[in-house]
Amino acid sequence: MDADAIETLLERKTTLRYLEVKDGRLFFDGCDTIELAKEYGTPVYVMSYSEIMGRLNELKEQFTDKYPKARVAYASKAFCTTGMYEILKKAGACIDVVSGGEIYAAEKAGFPAERVEFNGNNKLPEEIDQAVRYGVGRIILDGLQEIPLIEAACAKYQKKMNIMIRITPGVAASTHDYIVTGKKDSKFGIPLDEDIFLPIVKQVLDSEYLDFTGLHMHIGSQLFENDAYLEALNVLMDWAARIRQEFNADVKEVNFGGGYGATYIDEPRKPYSFFMDPMMELLKKRSEEIGMECPAAVIEPGRSIVAEAGITLYTVGQIKEIPGIRKYVSVDGGMGDNIRVALYQADYKGVVANKAEEQTDATVSLCGKYCESGDILIPEMKVPSSIAQGDIIALLSTGAYGFSMASNYNNNPIPGVVLVKEGKSAWMVKPQSYEQIIANHVIPDFI
Ligand code: LLP
């Protein structure tokens, strides 16, 4: 990134607003990133408390305070740690979980069970048991075979469960193919064929253990337009009308899903109200037309709360110049801590954090240390030509789906996460040790 680019980046206070450059060094939420690298080592993820809280406050102002009964259920999958759950608990948010592991972390963090909403296209019997025992607020039904499993757990714990039914609205959102979920050919949700969908609704309505609460949809991720959401909501409301007509039952809640876009390079981030206001207007209008009470609205943002709240710090190691071709600058992390580049060709911006004010007059390929040619973090990165071993690189907007999708490839430990807040810093997740990586390895005695 050249000097102009960093200026624009820092000026754009709506995004990446806790980054600053002082005396040529990059600061994040009041902390000097070079000092952080020294104190905590690299690679390391750094999350800004102020940025996370800022987004949660925007959601409050633009959604939950504005619309009665509205809820935000943070999508844990974007960044799931007990510290994150503590932040959400204090902020009064709900959470969306999709696995026994996320439920376990929420319970360990003392997260109130009634504020947990359980999603997933193949919830395991033991996960359903765990969720019902914990007493989650809602289970989002994603298929017929889940019904007897939920009922069995309810019978065992003598509880009733609120059930939302996830539909596949059959709209195509424009984003990367791997993160589109709302089109008809999807492993998620229940297709809206009346001979498939209506019997499932009926079974939920007839069950002594299940309370039919409403409908859920999620159309995709990293979206910047609201038309696909509105189109999907219209489909959902057609079926709310149908359910009323067939069974005289009301949809009391509607979950719009997540997917609100965040800034990685220079995508202009849209305020939550850009999505929420027209959605709420449509929800109200359609409910009036149908003659039903306006359902409570729920959203499940993940990325838009944490993406820009995270940066990753790396140390530059080997630098290789291939004459006439390119210069490779290697860092001490890579695809193990950020699989998104290899998996989705995701674009990231990077800064040489200790030379943040130097002219960026060279172009290099920023690569990781993993044994894979595709382990490139930024294929073409502008850096000062003085770049050298020991420099600190900050990759920006890595807070969503970085740590949560990290792997131990090549037995490299998963880096730790440091939380920063107005100049203070502390571990949120400690880095993994080699010992922890092989802790569960066993050598069978017949070898
Ligand atoms: N709700 C449901 C049912 C979802 O499936 C997802 C994301 C979300 C909410 C949150 O979406 P968000 O607000 O974070 O866009 N690993 C990919 C993203 C996969 C998203 C899967 N579902 C990535 O790194 O881009």
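**Reasoning through the ligand site and the fold**

In this predicted model, the shell around the ligand takes at least three residues from each of domain 1 (3-48 + 307-437) and domain 2 (119-301).

Q: Which residues come nearest to the ligand?
A: Ser221, Glu300, Arg340, Tyr344 and Tyr401 do, out of the 18 residues around the ligand. To be counted around the ligand, a residue needs a heavy atom within 4 Å of it.

Q: What makes the pair between Ser221 and the ligand a polar contact?
A: The cut-off is a pair of N or O atoms within 3.5 Å. A polar side-chain atom of Ser221 sits 2.3 Å from a ligand oxygen atom, so that pair qualifies. Lys77 makes the cut too, with a polar side-chain atom 3.4 Å from an oxygen atom of the ligand. For Glu300, the partner is a nitrogen atom of the ligand, 2.6 Å from an N or O atom in the side chain.

Q: How much of the ligand does the protein bury?
A: The protein buries 92% of the 580 Å² that the ligand exposes when taken alone.

Q: What classes of residue make up the shell around the ligand?
A: It's an even split: 6 nonpolar, 6 polar and 6 charged residues.

Q: How do you know that the chain agrees with a compact globule?
A: Because a compact globule of 447 residues would have a radius of gyration near 22 Å, and the chain comes out at 23 Å, the two agree. The C-alpha trace spans about 70 × 60 × 40 Å along its principal axes, and the centres of domain 1 and domain 2 are 36 Å apart, taken over C-alpha atoms. Buried residues account for 57% of the chain, which has 13 helices and 21 strands.

Q: Why is Gln158 called exposed?
A: Exposed means over 50% relative accessible area; Gln158 has 64%, so the label fits. Gln158 is in the loop between α7 (146-157) and β9 (161-168), and has a positive phi of about 55 degrees although it is not a glycine.

Q: Why does Asn410 count as partly exposed?
A: Partly exposed lies between the 20% and 50% limits, and Asn410 has 35% relative accessibility, so that's where it falls. Asn410 also has a positive phi, about 60 degrees, without being a glycine. Look for Asn410 in the loop between β19 (392-396) and β20 (417-421).

Q: Where is the cis peptide bond that involves Pro43?
A: That bond joins Thr42 and Pro43, with omega about -10 degrees. Pro43 is in the loop between α2 (33-40) and β4 (44-48).

How values were computed: Residues are numbered from 1 along each chain as its sequence is written. This is a predicted model: local features need pLDDT of at least 70, side-chain atom pairs count only at pLDDT 80 or more; totals for chains, interfaces and linings use all residues. Side-chain values use heavy atoms; hydrogens and water are left out. A polar contact is a pair of N or O atoms within 3.5 Å; within protein, one must be able to donate a hydrogen and the other to accept it, and residues adjacent in sequence count only if both atoms are side-chain atoms. Accessible areas come from the Shrake-Rupley method with a 1.4 Å probe; for residues, only the protein chains shown count as cover. Ala, Val, Leu, Ile, Met, Phe, Trp, Tyr, Cys and Pro count as nonpolar, Asp, Glu, Lys and Arg as charged, and the others, Gly among them, as polar. Domain bounds come from an automatic or database domain assignment. Helices (H or I, at least four residues) and strands (E, at least two) are DSSP runs, numbered from the N terminus. The radius of gyration is taken over C-alpha atoms; the globule rule is 2.2 Å times the number of residues to the power 0.38. Buried means under 20% relative accessible area, exposed over 50%, partly exposed in between (1.4 Å probe, protein chains only).
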